[in-house]
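Q: Please take me through one part of this model up close, as one connected story. Keep the cut-offs in view as you go.

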Amino acid sequence: MGMILGIESSCDETAAALVATDRRIIAQRIASQIEEHAPYGGVVPEIAARAHAEKLAPMIADVMAEAELELSDLDAIAATAGPGLIGGVMVGLVSAKALAMASGVPLIAINHLEGHALSPRLADESLDFPYALLLVSGGHCQILMVEGVGKYRRLATTIDDALGEAFDKTAKILGLGYPGGPAVEQLAKQGNPKAVPLPRPLVGSGEPHFSFAGLKSAVLRAKDSGQHKDADIAASFQQAAVDCLLDRLRVSLDEADSVPALVVAGGVAANQTIRKALEGFADDRAMRFVAPPLALCTDNAAMIAWAGAERLASGQSDPLDFVARPRWPLDPDAEPVRGAGAKA
Ligand code: KG4
Ligand code: ZN
């Protein structure tokens with residue numbers, strides 16, 4: 001049995017975790033920076049990098065102490081090396097390099113998206129490749145075919161905003177604070193999802209990509225019109241999001257060979273309405289539906305350690321001069337998408 005230290009610092013969560021190769025999470029620490037960023041209504045890169053630098057080293061010391069392990073007991077040190085806010089990524093990656101250099105333990109540079117993509121296998125031993133992954137977070141909105149470790153095919157991505165971002169912006173428009181997803185979900189419970197006519201961008205389009213910028217603008221117009229209750233706007237927005245997700249999934253999966261399982265990951269997977277809709281979608285197509293526990297869906301270090309474990313098992317590690325990457329598509333062969341603000 002092996003033991004991997006995982007480090008995550010690519011956005012606004014600082015995290016360290018020890019994961020054994022038999023899938024036990026031995027120790028973990030996670031600190032969110034919600035309070036630091038809340039006054040600005042979004043993540044401020046400079047504040048994030050400084051907070052990671054302050055919090056990470058004590059966290060690593062804590063998990064090692066809790067597990068009563070020395071660095072030399074580790075089989076690998078896995079750190080997120082991108083994509084993400086480059087200052088934060090560098091804090092985590094440089095820490096990992098320093099520990100690896102001091103101890104002689106191999107470094108594994110992990111693509112944050114790969115962490116999300118493989119995390120369901122940490123929670124569920126029976127989940128075999130291939131599976132379709134819907135990754136919906138604050139920074140990403142993608143449909144991926146996960147064919148094996150290091151084998152990812154991107155079927156769809158967003159041409160503008162990520163879905164979590166659209167939830168956060170809707171929350172801001174409705175004066176609900178940051179992070180917005182949970183607040184919009186709560187308010188939507190009291191609203192009528194059919195009350196406000198909102199667009200479903202790209203629904204019906206033959207290409208599988210997402211777009212949420214137009215939906216956000218429509219939410220702003222609905223609010224400014226003064227004609228709708230906030231709860232109705234929240235519920236209608238959430239319903240539009242669900243309709244977009246299901247339609248885009250349909251197009252992606254119709255193009256792919258039949259896949260046995262649909263997996264959801266990323267912070268938006270916390271949304272119960274979205275989860276139920278995805279479950280129904282998978283049922284209709286006789287696919288197994290897998291939603292990892294919420295703590296593994298949102299950013300965390302256990303998923304980075306686990307991706308390290310999967311890479312280590314296939315004999316991979318990285319040189320100590322591995323350079324942090326602000327952009328790092330999981331599927332290098334994916335076609336670029338149209339749209340000025342397209343994200344990898
Ligand atoms: O994966 P995550 O923790 O961080 C990254 O963005 O990588 O995702 C955070 C995103 C935020 O945009 C947040 O508003 C959204 O997930 N989110 C939700 C819910 N909980 C979190 N969106 C909708 N409904 C929720 N219940
Ligand atoms: Zn993430």
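Around helix α8 and the zinc site

A: L246 is buried, at 16% relative accessibility (buried is under 20% relative accessible area, exposed over 50%, partly exposed in between, with a 1.4 Å probe and protein chains only). Bear in mind that this is a predicted model, where local features need pLDDT of at least 70 and side-chain atom pairs need 80 or more, while totals for chains, interfaces and linings use all residues. As for bookkeeping, residues count from 1 along each chain as its sequence is written, chains are lettered from A and ligands numbered from 1 in written order, and side-chain values use heavy atoms, with hydrogens and water left out.

L246 sits in helix α8 (helices are DSSP H or I runs of at least four residues, strands E runs of at least two, numbered from the N terminus). Its C-alpha atom is 9.5 Å from that of I274, which is 28 residues away along the chain.

Now for the aromatics: there are four aromatic pairs in the structure. One of them is F167 with F237, edge-to-face, with 4.9 Å between ring centres and 80° between planes (Phe, Tyr and Trp rings, the six-membered one for Trp, pair with centres within 6.5 Å; planes under 30 degrees apart are stacked, over 60 edge-to-face, the rest tilted). F237 belongs to helix α8 (residues 230–255) and F167 to helix α5 (residues 163–173), so this pair links distant parts of the chain, 70 residues apart. F167 is buried, at 2% relative accessible area, and F237 is buried at 0%.

On to the metal. The zinc ion (ligand 2) takes its protein donors from H112 (NE2), H116 (NE2) and D299 (OD), at 2.1 to 2.2 Å (donors are N, O and S atoms within 2.8 Å, or 3.2 Å for Na, K and Ca; water is absent from the atoms, so sites may look incomplete). Along the chain these donors follow H-x3-H-x182-D. H116 lies in helix α4 (residues 112–123), whereas D299 is in the loop between α10 (294–297) and α11 (302–313), so the two tie together parts 183 residues apart in sequence. Angles among the four donor atoms of the zinc ion run from 87 to 144°, which makes the site irregular (tetrahedral needs four donors with all angles between 85 and 135 degrees; square planar with four and octahedral with six need opposite donors over 155 degrees apart and all others between 65 and 115). H116 counts as buried at 1% relative accessibility, and D299 at 12%.

D299 also talks to the other ligand: one of its polar side-chain atoms is 3.0 Å from an oxygen atom of ligand 1. Backbone polar atoms join in too, with a ligand 1 oxygen 2.9 Å from G267 and one 3.1 Å from G164. In total, 17 residues surround ligand 1, the closest being G138, D168, G181, E185 and G267 (a residue counts with a heavy atom within 4 Å).

Back in helix α4 you'll find R121, buried at 10% relative accessible area. The R121 side chain makes a 2.7 Å polar contact with the side chain of E310 (N or O pairs within 3.5 Å; within protein, one must be able to donate a hydrogen and the other to accept it, and sequence neighbours count only if both atoms are side-chain atoms). A polar side-chain atom of R121 also lies 2.9 Å from the backbone oxygen of L127.
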